[in-house]
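Here's a walk through one protein model, written for someone who'd rather be at the bench. Have the sequence and the structure open while you read.

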Amino acid sequence: MSTEHPRRDVETLGVGDDWTGVRAVVTGFGVSGFAAADTLQHLGASVTVLDERVPEDGSARAEQATLLETLGVTLRLEPGATATLPDDVDLVVTSPGWRPESPALRAAAERGVPVWGEVELAWRLRGPGAPPWLCVTGTNGKTTTVQMLDAILRAAGLRSAAVGNVGRPVLEAVMDPEPLDVLAVELSSFQLHWSSSLAAEASAVLNIADDHLDWHGTLDAYAHAKGRVYENVERACVYNVEDPRTEQLVRDADVQEGARAIGFTLGVPAPGMLGVVDGLLADRAFAPDRQNSAAELGSVADLPDDAPHTVANALAAAALARAHGVEPRAVRDGLRGFRRGPHRADLVAEVDGVRYVDDSKATNPHAALASLRGVESAVWIAGGLAKGARFEELVEAARERLRGVVLIGTDRAVVAEALARHAPDVPVTEVVGGEDGLMDDVVAAAAALARTGDTVLLAPGCASMDQFRDYAARGDAFAASVRRLPTA
């Protein structure tokens with residue numbers, strides 16, 4: 001005789017419904033996993049958390065684990081914990097980055113158990129009068145664009161929050177009793193893969209380039225995941241005129257009636273676009289007489305710098321804000337007041353005529369190339385986890401700017417092969433080691449290659465987790481090593 005309990009239908013459950021009796025499993029105990037487990041138990045569900053990592057004593061994860069156990073959540077945080085899925089499960093909420101072929105998620109699929117991401121759960125738990133979502137995705141520039149958007153919304157007097165892949169979980173913001181007017185939401189391809197019912201007020205795909213191909217398998221699959229952000233959009237699908245893939249994703253999307261396609265370009269905008277005219281940010285998409293004139297949204301001089309990717313990010317943020325109804329003056333004021341986050345082309349120091357720049361956030365080749373294009377002569381520090389990406393196009397485009405290259409990390413050979421093929425005359429130094437002391441050797445090697453007027457640029461084009469906790473730790477280590485350099 002079967003002891004299985006009838007499965008509870010969770011598809012129609014929202015924040016005001018009774019979740020008692022729902023048996024939920026949360027896979028992954030990171031920032032979003034904790035938010036999901038905490039929320040589900042608060043709603044009345046029976047929750048089990050699976051993760052292979054044992055929390056370190058005294059860490060924030062250990063404190064969160066203790067809190068959840070006190071609340072009645074079952075924690076399985078140990079090697080082998082994710083090899084099987086518990087019996088009698090009604091719902092799995094997975095952390096972003098978990099592959100569909102992971103044993104627990106594969107078991108859920110075989111049993112027909114719904115698998116949601118934390119973002120999907122957040123969308124389903126919006127209450128009456130919930131704030132609209134303005135969503136941003138793309139290979140590069142997401143965080144900067146979302147933060148610019150948040151600055152613009154706040155300049156307009158709105159209660160806004162930058163959430164999602166930018167740091168604070170969307171679910172935490174949705175469940176916050178403090179009311180908000182609008183959410184600026186950064187979404188990764190992983191988060192979008194596990195989302196199905198999202199219907200943003202407006203969404204933007206900034207660009208599409210090789211990234212996370214080790215996870216998605218192909219560029220088309222990666223682009224398809226990004227394109228989910230346009231599904232069911234209410235007002236505006238914002239795309240990059242210079243990146244035809246983003247426009248095609250808009251064409252392929254099933255949007256709500258009345259939603260518009262809004263392009264942004266670094267050139268003069270056509271009607272229905274935002275762009276640049278004589279150094280001014282110009283809106284010919286939301287201006288009253290867009291066929292014959294443009295609304296001025298500020299100037300390129302209002303931005304942190306005039307690098308092409310910075311201007312593009314500002315235009316995308318402006319388009320989303322304008323879709324929400326923000327006036328031009330607030331766009332200008334928000335962009336003027338915006339300050340870029342750390343590890344994004346930060347000048348650490350100038351030593352003996354050489355500039356040392358931390359762009360550790362450049363974790364794929366597309367971002368690294370954008371960074372290299374911002375300098376005339378670079379000693380480039382590159383390498384880490386390539387995530388399936390290749391570097392041929394980057395090296396071909398940037399070779400005339402390369403004084404030398406210092407390579408680090410597990411996949412440094414991938415970069416070295418591209419350099420040998422397309423820039424064989426550029427001197428290359430490989431530095432092998434772990435986190436402790438690594439950057440002192442890297443910076444010393446870079447300093448030996450640099451000449452007066454050069455920039456030593458940490459723009460690795462790779463993820464950092466093979467040698468560092470995250471890209472921030474990598475950037476911090478670089479900055480600390482630069483500050484220890486002797487001066488002439």
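Let's start with V379, which touches R403, G404, V406, A446, L449, A450, T455, V456 and L457, leaving out residues up to four places away in sequence; touching, or contact, means heavy atoms within 4.5 Å. V379 lies in strand β17 (residues 378-382). Helices (H or I, at least four residues) and strands (E, at least two) are DSSP runs, numbered from the N terminus. V379 counts as buried because its relative accessibility is 0%. Here buried means under 20% relative accessible area, exposed means over 50%, and partly exposed is in between (1.4 Å probe, protein chains only).

A couple of ground rules: this is a predicted model, where local features need pLDDT of at least 70 and side-chain atom pairs count only at pLDDT 80 or more, while totals for chains, interfaces and linings use all residues. Residues are numbered from 1 along each chain as its sequence is written, and side-chain values use heavy atoms, with hydrogens and water left out.

**The whole protein**

Zooming out, the protein has 17 helices and 20 strands. Its C-alpha trace spans about 80 × 60 × 35 Å along the principal axes. How does the radius of gyration fit a compact globule of 488 residues? Such a globule would come out near 23 Å and the protein has 24 Å, so the two agree. That radius is taken over C-alpha atoms, and the globule rule is 2.2 Å times the number of residues to the power 0.38.

Buried residues make up 55% of the 488 residues. On the outside, the protein exposes about 20500 Å², and carbon and sulfur atoms supply 48% of that; the areas come from the Shrake-Rupley method with a 1.4 Å probe, and for residues only the protein chains shown count as cover. Of the contacts between residues at least 6 apart in sequence, 66% join residues at least 24 apart.

As for charge, there are 45 positive and 70 negative charges, and their mean positions are 3 Å apart. Lys and Arg count as positive and Asp and Glu as negative, with His and the chain ends not counted. Each charge is placed at NZ of Lys, CZ of Arg, CG of Asp or CD of Glu.

**Helix α10, side by side**

Helix α10 covers residues 244-252, and its buried residues are T246, L249 and V250. They take up an arc of only 100° around the axis, so they sit on the same side of α10; that arc is the one of the directions from the helix axis to the C-beta atoms. Turn to the face pointing away from the buried side and you'll find the exposed residues P244, R251 and D252. What covers the buried ones? The cover includes β9 (202-205), α9 (219-227), β10 (236-240) and β11 (260-264).

**Some residues to click on**

G33 sits in helix α1 (residues 31-43). Is G33 buried or exposed? With a relative accessible area of 1%, G33 is buried. Its contacts, not counting residues up to four places away in sequence, are V26, G28 and S95.

R23 is in strand β1 (residues 23-27), and at 17% relative accessibility R23 counts as buried. T139 is in the loop between β6 (133-137) and α5 (142-155), and T139 is buried too, with a relative accessible area of 4%.

How far apart are some of these residues from partners elsewhere in the chain? The table gives C-alpha to C-alpha distances.

| Pair | Apart in sequence | Apart in space |
|---|---|---|
| G33 and P96 | 63 residues | 8.9 Å |
| T139 and R23 | 116 residues | 35 Å |
| V379 and F190 | 189 residues | 33 Å |
| R23 and T265 | 242 residues | 48 Å |

**Two positive phi values**

Which backbone angles deserve a look? D278 has a phi near 50°, a positive value in a residue other than glycine. D278 is found in the loop between β12 (273-277) and β13 (280-283), and with a relative accessible area of 77% it's exposed.

A345 has a phi near 60°, again positive in a residue other than glycine. A345 lies in the loop between α12 (328-337) and β15 (346-351). With a relative accessible area of 37%, A345 is partly exposed.
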